[in-house]
Amino acid sequence: MIDNIKNILSTIDVDGWKIIETKTKSTELFFVKKELDMNRGKDVHHIKVFVYKDFVEDNTKYKGSSSTNISPTMDDTEIKEKLEDAAFAATFVKNEYYPLVKPVDMDVKNMNSTSRPISEWVNGLVDGIFKYDTLEKGSINSSELFINDVSTRIVNSEGVDVSYEGYEGQLEFITNWTEDGEEIELYRDIKFSDYNPDYLSEEVNHMLNMSKEKAMATNTPNLEKQTILLTGEPVKEFFNYYYQRANTRAIYEQISTEKLNESIQGDSINGDLVTIKLDPVMNNSSKSKPYDNDGLPLKEVTIIKDGILKSYWGNTRFSSYLDIEPTGDIENIVVEGGSKSVEDFKKEPYLELLAFSDFQVNPITGDFAGEIRLGRYFDGEKTIPVSSGSISGNIKEVQKNMYLSKEINQDNNFIGPKTIQLFDIDISGS
């Protein structure tokens, strides 16, 4: 099919092209409580073609681009019509000129996913999911398990022709807990890529325990300025701020003003310094891949070292605009742990926040806020679960005095401190 598309492209007036072909074999299981409600499989073949037109206007060189989806069931006439329409559309797009990726002679890091076929994943993963679903007051209300075996091939007009395979797993589930006649529910979405039933067991067990705490929680008190501990999922969103600030597109579009070899945390830092690297083929990440979507080979890169911005990251297009070597689009983030343990954090009064209804960080301003779904408040003597209320703050104001835990946690494509300690955060109770 790819060769046929290439032959048809040779008859069309374009200045370059790229083809991304994906073949996905999937198993999907749907459970109500522990009972299997539906079991289905899919075998999907997608082909996306990008075409490029180079042109000059007012002494400025542009690269127009457009894309179209090609179905394997199409005949040559239908394919040519789709490609000609895309080529015409590309003439109206005025992107600053950039080169397409050329073949690179570089060893790429191997993917770490198991060679075990999908059919052998199911029983073990299902056993892992329900391992701790044995409690009287709490259980898994419903769950959905998706396992995809994905094969990707990227070909372009410059001679790139690369392929790789990997697994993408996803578990969505709802836990409930009944306490004193009232029932609460918590939702969790876990993404993974390795066959690891124990990992799913521990995540489900963690959610069951959180459901219990949520059912017993009282309203968050009005604390005004307070030391908070962010634990688990919110930590990933917090560090995404630094990741986005180092992106070549953000730099080019002046969304970020960060400069190489300058502090990304500001001056006079009293807390821990941030160190972040990008690992293209991290274990158990559904975002792992040895090549980006342009076919550029990927390798590890440290973007921030001890608070200093060492490297921008980004694809070939926006890297060329900044006249730097592209790293490619790498979606796996590794943040080094800090100088204190979680136990150290908990020696003084704190509000630990484990789950939010919606925790967001603005990558431009650094503002962050979220509605508290579950937390733990320690007043110096006792610890109680709390819920409701909200927090707000700004990373630029708190990053000089923040501390990162020595303990490390993984959430799909993020490996980093399990907990971060922030001071003088605004808390709105209820």
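Select Glu-28 and Arg-40 to begin: in this predicted model their side chains form a salt bridge, with the closest N and O atoms 2.6 Å apart. The pair links distant parts of the chain, since Glu-28 sits in strand S1 and Arg-40 in strand S2 (residues 35-57), twelve residues apart. Switch on a surface and look at how much of each partner it covers. Glu-28 counts as buried because its relative accessibility is 6%, and a residue is called buried when that value is under 20%. Arg-40, on the other hand, is partly exposed, with a relative accessible area of 38%.

**Other salt bridges**

The structure holds 23 salt bridges, and two further ones are worth a stop here. Select Glu-57 and Lys-94, whose closest N and O atoms are 2.6 Å apart in a salt bridge. This pair, too, links distant parts of the chain: Glu-57 belongs to strand S2, while Lys-94 lies in the loop between helix H2 (76-90) and helix H3 (122-129), 37 residues apart. Are these two partners buried or exposed, or something in between? Glu-57 is partly exposed at 32% relative accessibility, and Lys-94 is partly exposed as well, at 49%.

Now move to Glu-352 and Lys-346, where the side chains meet in a salt bridge with an N to O distance of 3.2 Å. Add Glu-213 and Arg-376 to the selection, and you have a network of four residues, Glu-213, Lys-346, Glu-352 and Arg-376, joined by salt bridges that share partners. Within this network, Glu-352 is buried, with a relative accessible area of 2%, whereas Lys-346 is partly exposed, with a relative accessible area of 29%.

**Strands S1, S4 and S5**

Return to strand S1, this time selecting all of residues 16-32, and add strand S4 (residues 138-156); the two run antiparallel and are joined by 15 bridges. To find one place where they face each other, select Lys-23, which stands opposite Ser-151 in S4.

Next, add strand S5 (residues 161-179), which runs antiparallel to S4 and is joined to it by 17 bridges. Which residue of S5 is the bridge partner of Asn-148? Selecting Glu-168 in S5 shows that partner. Follow the chain from S4 into S5 and you pass through a hairpin with four residues between the strands, where Gly-159 in the turn has a positive phi of about 110°.

**The second largest pocket**

Keep S1, S4 and S5 selected, for each of these strands supplies at least two residues to the lining of the second largest pocket. The space in this pocket comes to about 510 Å³. Its lining is made up of 31 residues, and Tyr-164, Glu-168, Ser-286, Lys-287 and Ser-288 are those that lie nearest the centre. Glu-168 is therefore a residue to select twice on this tour, as the bridge partner of Asn-148 and as a lining residue by the pocket's centre. S5 gives the largest share of the lining, namely seven residues. If you colour the lining by class, you should find eight nonpolar, 15 polar and eight charged residues.

**The largest pocket**

For the largest pocket, select Arg-188, Glu-233, Lys-236, Glu-237 and Asp-411, which lie nearest its centre among the 27 residues of the lining. The volume here is about 670 Å³. To see which elements surround the space, show strand S6 (182-192), helix H4 (197-216), helix H5 and strand S13 (350-361), each of which supplies at least two lining residues. By class, the lining of this pocket divides into twelve nonpolar, four polar and eleven charged residues.

**The cavity**

How many cavities of 30 Å³ or more does the structure hold? There is one, and the space in it is about 30 Å³. Select Gly-232, Val-235, Lys-236, Asn-409, Asp-411, Phe-414 and Pro-417 to display its lining. Helix H5 (233-245), strand S18 (408-411) and strand S19 (414-417) are the elements that give two or more residues to this lining. Coloured by class, the lining shows three nonpolar, two polar and two charged residues. Lys-236 and Asp-411 may already be highlighted from the previous stop, as both are also among the residues nearest the centre of the largest pocket.

Terms used
Residues are numbered from 1 along each chain as its sequence is written. This is a predicted model: local features need pLDDT of at least 70, side-chain atom pairs count only at pLDDT 80 or more; totals for chains, interfaces and linings use all residues. Side-chain values use heavy atoms; hydrogens and water are left out. On a 1 Å grid over the protein atoms alone, a cavity is a set of points where a 1.4 Å probe fits but cannot get out, and a pocket is an open set with protein on both sides within 12 Å along at least five of seven lines; lining residues have an atom within 4 Å of a point. Grid points are joined across faces, edges and corners, and a volume is the space filled by probe spheres set on the points. Ala, Val, Leu, Ile, Met, Phe, Trp, Tyr, Cys and Pro count as nonpolar, Asp, Glu, Lys and Arg as charged, and the others, Gly among them, as polar. Two strands pair if DSSP finds at least two bridges between them. Buried means under 20% relative accessible area, exposed over 50%, partly exposed in between (1.4 Å probe, protein chains only).
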